[in-house]
Amino acid sequence: MDRTPATPADVLGVPLLPPGSVTAAGNRLRGVLGRVHAAMAPPPARILTALFGMLEHRALVLLCRAGVPDALTRPTAIPQLAGRLGADPVRLERLLRYAATRGWVRLDRRGRVRPTRITAFLRADHPGGWRAWVDFAGGQEIVAAVGALSVDEEAADGFAAVNGAPFFDWMAQHPDNWATFDRAMGAGGRMHGLTLAAALDWSGDRRVCDVGGGTGALLSTLLDLMPDLEGTLLDLPEVVARAVPHPRLQTSGGDAFAHVPEGFDTYLLVNVLHDWDDADAVRLLTRVAQATGASGRVVVVEAEHTAVPRDALAVSADLLMAALTHGGRERGTEGFVELGRTAGLRHERAVRLASGDLAHVFHPRRDRGA
Ligand SMILES: C[S@@+](CC[C@H](N)C(=O)[O-])C[C@H]1O[C@@H](n2cnc3c(N)ncnc32)[C@H](O)[C@@H]1O
């Protein structure tokens with residue numbers, strides 16, 4: 001992905017970032033409408049719809065692998081589109097009919113298929129980069145790990161059980177898949193660069209360290225918006241080797257559990273702690289807390305776990321963590337307060353972001369080390 005600065009239109013499809021409260025209200029409303037919509041169907045229809053959900057994932061992956069979003073620039077007759085893609089027209093039509101019921105494409109009365117905002121976002125050249133999520137989530141290793149989801153006590157790491165190694169070890173053995181994963185993370189990273197710039201006060205900051213920051217999509221977005229800020233990207237060596245170039249971005253390749261560089265005004269951990277169980281999350285946060293000077297802050301961004309599930313994406317992210325990690329999960333504010341306390345950090349506040357996620361702001365505890 002090049003260094004074109006991220007915009008709300010590119011990363012979220014909106015001209016301006018909404019306040020976090022508006023996103024949260026929108027999510028709640030969508031949840032209510034979704035439940036009303038579901039409740040209108042008789043139970044057998046709901047059961048079958050749920051079971052057929054496996055087709056939804058596959059159909060979206062197939063749509064992209066067949067190249068439909070990239071080829072579909074204007075209303076096109078299906079046989080013509082099939083010819084362009086080298087696809088079987090009848091099979092393609094069946095896929096497109098399914099896609100139309102999901103709102104991914106539109107089929108008009110003349111039998112033509114029309115592009116939509118979704119096909120625009122699914123194009124490989126879309127600046128938001130969300131297509132990489134399809135490439136990542138469509139991978140056989142992910143499908144297999146989700147297929148192995150279990151509630152058994154001994155099913156501690158489904159990904160490792162079916163793929164032979166824990167997630168990041170497996171990625172290290174499969175560089176192409178790892179690069180795809182990095183690109184998928186980059187899509188969310190660009191979004192969070194924008195949302196964090198808007199939601200937090202950066203006026204006192206000169207240096208920021210993004211811990212587990214992937215290839216720097218978030219950090220470079222933040223730096224683009226704040227010309228006086230310098231950033232250091234801390235991630236595994238193979239990952240920072242792929243970092244996006246930015247004149248004020250430095251890289252630090254290494255194991256964040258072993259070492260976190262000192263002296264930054266802000267340490268970011270965005271979608272990092274949810275990869276780890278409580279013991280490892282505390283270990284990592286403790287390292288970060290030790291590196292944070294008395295006036296520094298630590299900002300942890302993740303989806304919110306609420307007592308009553310409200311945000312469907314947050315709940316899905318939690319189940320995905322159950323499938324892909326050893327004890328990783330989404331946490332609520334109380335969980336972060338406790339993780340921070342154990343790591344020597346004081347939870348100051350949680351800020352709702354335009355993405356719907358929460359940014360937990362921590363400061364070193366004055367009594368730490370006492
Ligand atoms: C879920 S991704 C989040 C990436 C990025 N923060 C974002 O939100 O897009 C977790 C990141 O943690 C990194 N990571 C995993 N183990 C690590 C370790 N021991 N030290 C440093 N980074 C690590 C991964 O390489 C990956 O980039």
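Trainee: Where in this predicted model does N271 lie?

Mentor: N271 lies in the loop between β7 and α16. The residue has a positive phi of about 55 degrees although it is not a glycine.

Trainee: Why is N271 called buried?

Mentor: A residue is buried if 20 or more other C-beta atoms lie within 10 Å of its own. N271 has 21 C-beta neighbours inside 10 Å, so N271 counts as buried.

Trainee: Which residues are the closest to the ligand?

Mentor: The ligand is surrounded by 18 residues, and the closest are M185, G189, G212, A256 and N271. Helix α13 (residues 175-199) gives the largest share of this shell, three residues. By class, the shell holds nine nonpolar, six polar and three charged residues.

Trainee: How do you know that the length of helix α16 agrees with its number of residues?

Mentor: The expected span is 1.5 Å times one less than the number of residues. For the 14 residues of α16 (residues 278-291) this should give 20 Å, and the end C-alpha atoms are 20 Å apart, so the two values agree.

Trainee: Which residues of α16 are buried, and what covers them?

Mentor: The buried residues are A281, V282, L284, L285, V288, A289 and A291. Their cover includes the strands β4 (207-211), β7 (266-270), β8 (297-302), β9 and β10, together with α18 (333-343).

Trainee: What makes β9 and β10 a pair?

Mentor: Two strands pair if at least two bridges are found between them. Strand β9 (residues 345-352) and strand β10 (residues 358-364) have seven bridges, in the antiparallel sense; the requirement is therefore met. L345 stands opposite P364 in β10. Five residues lie between the strands of this hairpin, in which G356 takes a positive phi near 100 degrees.

Trainee: What makes β2 and β3 a pair?

Mentor: The requirement is at least two bridges. β2 and strand β3 (residues 112-114) pair over two bridges, again in the antiparallel sense, so the condition is satisfied. One of the partnerships joins L107 to V113 in β3.

Trainee: What is the order of strands in the open sheet of three strands, and why are β1 and β2 said to stand at the edges?

Mentor: The order is β1-β3-β2, with antiparallel pairing. β1 (76-77) and β2 (106-107) each have a single partner strand, so one side of each is left without a neighbour in the sheet.

Trainee: Why is G128 called buried?

Mentor: The cut-off is 20 or more other C-beta atoms within 10 Å. G128 has 24 C-beta neighbours inside 10 Å, and therefore counts as buried. G128 lies in the loop between α8 (117-122) and α9 (131-137).

Trainee: What does G128 touch, not counting residues up to four places away in sequence?

Mentor: G128 touches D10, V11, F121 and A187. In addition, G128 and A9 are 119 residues apart in sequence, yet 8.4 Å apart in space, C-alpha to C-alpha.

Trainee: How do you know that domain 1 and domain 2 are in contact?

Mentor: Two residues are in contact if their C-beta atoms lie within 7 Å. Twelve residues of domain 1 are in contact with 15 residues of domain 2. On the side of domain 1 that touches domain 2, α1 (8-12) and α2 (20-39) are the elements that give two or more residues. The largest share, seven residues, comes from α2. The residues of that side divide into six nonpolar, five polar and one charged. The domain assignment gives domain 1 as 8-127 and domain 2 as 185-364, and 31 Å separate their centres, taken over C-alpha atoms.

Conventions
Residues are numbered from 1 along each chain as its sequence is written. This is a predicted model: local features need pLDDT of at least 70, side-chain atom pairs count only at pLDDT 80 or more; totals for chains, interfaces and linings use all residues. Helices (H or I, at least four residues) and strands (E, at least two) are DSSP runs, numbered from the N terminus. Domain bounds come from an automatic or database domain assignment. Ala, Val, Leu, Ile, Met, Phe, Trp, Tyr, Cys and Pro count as nonpolar, Asp, Glu, Lys and Arg as charged, and the others, Gly among them, as polar. A residue is buried if 20 or more other C-beta atoms lie within 10 Å of its own, exposed if 12 or fewer, and partly exposed in between; C-beta atoms are placed from the backbone. A residue is near a molecule or strand if its C-beta atom, placed from the backbone, lies within 6 Å of it.
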